Amino acid sequence: ATERESFAHYVASNTWNGRSATACKFVYYKRFFETTAGTTVTKDAPYPVDCTVQAKWLENKCGTDIAGLAVEWDWMNWKRSVDTAPITENSNMGDIADIYKIACGGGTCTNKQPTPPQLVAAARSKYGATSSRALRVESDIIRYGANH
């Protein structure tokens, strides 16, 4: 569910912000739980967040011992980052959809959630293993904390 939700957030963030790599606000439509120094504060919707920041929410707020889980904010940030990268490293929305299709075995991703290694392998397949676009997909999936 996180993957689908993050794709919807990515589309919404592009719709309302354009493809700016430096300015992006995503407004959460649900309660938002902010945890700092062991204290959790509930923020009521609508709650804006910066969708360019490297939040690494899962790592910074939940701990890295939760392997196999994902957070939609981290995944949205990763997709926005590769979409708004310089043109030689860029994967636009259509490219990201292609990467997902390849990672899902060439067909639909219905009821499938490709893993980060599958997405990286798909980007290498689409662009070539050492291309700047494939390397950007791989580096940003880690930089933004979507590699869980």
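This is a guided tour of selections to make in the viewer, with a note on what is found at each stop. The model is predicted, and the residue numbers used below count from 1 along the chain.

**First stop: strand β1 and its partner**

Begin by selecting residues 25-28, which make up strand β1, and then add residues 47-50, which form strand β4. The two strands run antiparallel, and four bridges join them. If you show the side chains of β1, you will find F26 and Y28 on a covered face, whereas K25 and V27 sit on an uncovered one. In a regular strand the side chains alternate between the two faces of the sheet. Which residue of β4 is the bridge partner of F26? Selecting V49 shows the answer, since V49 is the residue paired with F26 in that strand.

**Second stop: the disulfide of C24 and C51**

Next, select C24 and C51, whose sulfur atoms lie 1.7 Å apart and form a disulfide, one of two in the structure. Looking along the S-S bond, you should find a torsion of about -75 degrees, so this disulfide is left-handed. C24 belongs to the loop between α1 (2-17) and β1, while C51 belongs to the loop between β4 and α2 (57-62), so the disulfide ties together parts that are 27 residues apart in sequence. Are these cysteines buried or exposed? C24 counts as buried at 4% relative accessibility, and C51, with a relative accessible area of 2%, is buried as well.

**Third stop: the disulfide of C104 and C109**

Now move to C104 and C109, which form a disulfide with their sulfur atoms 2.0 Å apart. The torsion about this S-S bond is about 110 degrees, so the disulfide of C104 and C109 is right-handed. C104 counts as buried at 8% relative accessibility, whereas C109, at 22%, counts as partly exposed. With the bonded cysteines counted along the chain, the disulfides follow the pattern 1-2, 3-4.

**Fourth stop: T84 and its surroundings**

Select T84, which you will find in the loop between α3 (72-83) and α4. T84 is buried, with a relative accessible area of 17%. Show the backbone of R80 as well, and you can see that its oxygen lies 2.7 Å from a polar atom of the T84 side chain. Which residues does T84 contact when its neighbours within four places in sequence are left aside? Adding R19, S20, A21 and N90 to the selection displays these contacts of T84.

**Fifth stop: a salt bridge between two helices**

The structure holds nine salt bridges, and a convenient one to select next is the pair D95 and K126, whose side chains meet at 3.7 Å, N to O. D95 lies in helix α4 (residues 93-103) and K126 in helix α5 (residues 116-127), so this salt bridge ties together parts that are 31 residues apart in sequence. D95 counts as buried at 17% relative accessibility, while K126, at 30%, counts as partly exposed.

**Last stop: the salt bridges of D140**

Finally, select residues 132-143, which form helix α6, and show the side chains of R136, D140 and R143. D140 forms a salt bridge with R136, their closest N and O atoms being 2.6 Å apart, and these two residues of α6 are separated by four places, about one turn of the helix. The D140 side chain also meets that of R143 in a salt bridge, at 3.2 Å, N to O; D140 and R143 are three residues apart in α6, again about one turn of the helix. How far does this set of salt bridges extend, and which residues does it join? Add E89 to the selection, and you have the network in which salt bridges that share partners join E89, R136, D140 and R143. Within this group, D140 is buried, with a relative accessible area of 1%, and R136 is buried too, with a relative accessible area of 15%. R143, by contrast, counts as partly exposed, at 34% relative accessibility.

Note on methods. This is a predicted model: local features need pLDDT of at least 70, side-chain atom pairs count only at pLDDT 80 or more; totals for chains, interfaces and linings use all residues. Side-chain values use heavy atoms; hydrogens and water are left out. A salt bridge is a side-chain nitrogen of Lys or Arg within 4 Å of a carboxyl oxygen of Asp or Glu. Buried means under 20% relative accessible area, exposed over 50%, partly exposed in between (1.4 Å probe, protein chains only). Two strands pair if DSSP finds at least two bridges between them. A disulfide is a pair of cysteine sulfur atoms within 2.5 Å. A polar contact is a pair of N or O atoms within 3.5 Å; within protein, one must be able to donate a hydrogen and the other to accept it, and residues adjacent in sequence count only if both atoms are side-chain atoms. Contact means heavy atoms within 4.5 Å.
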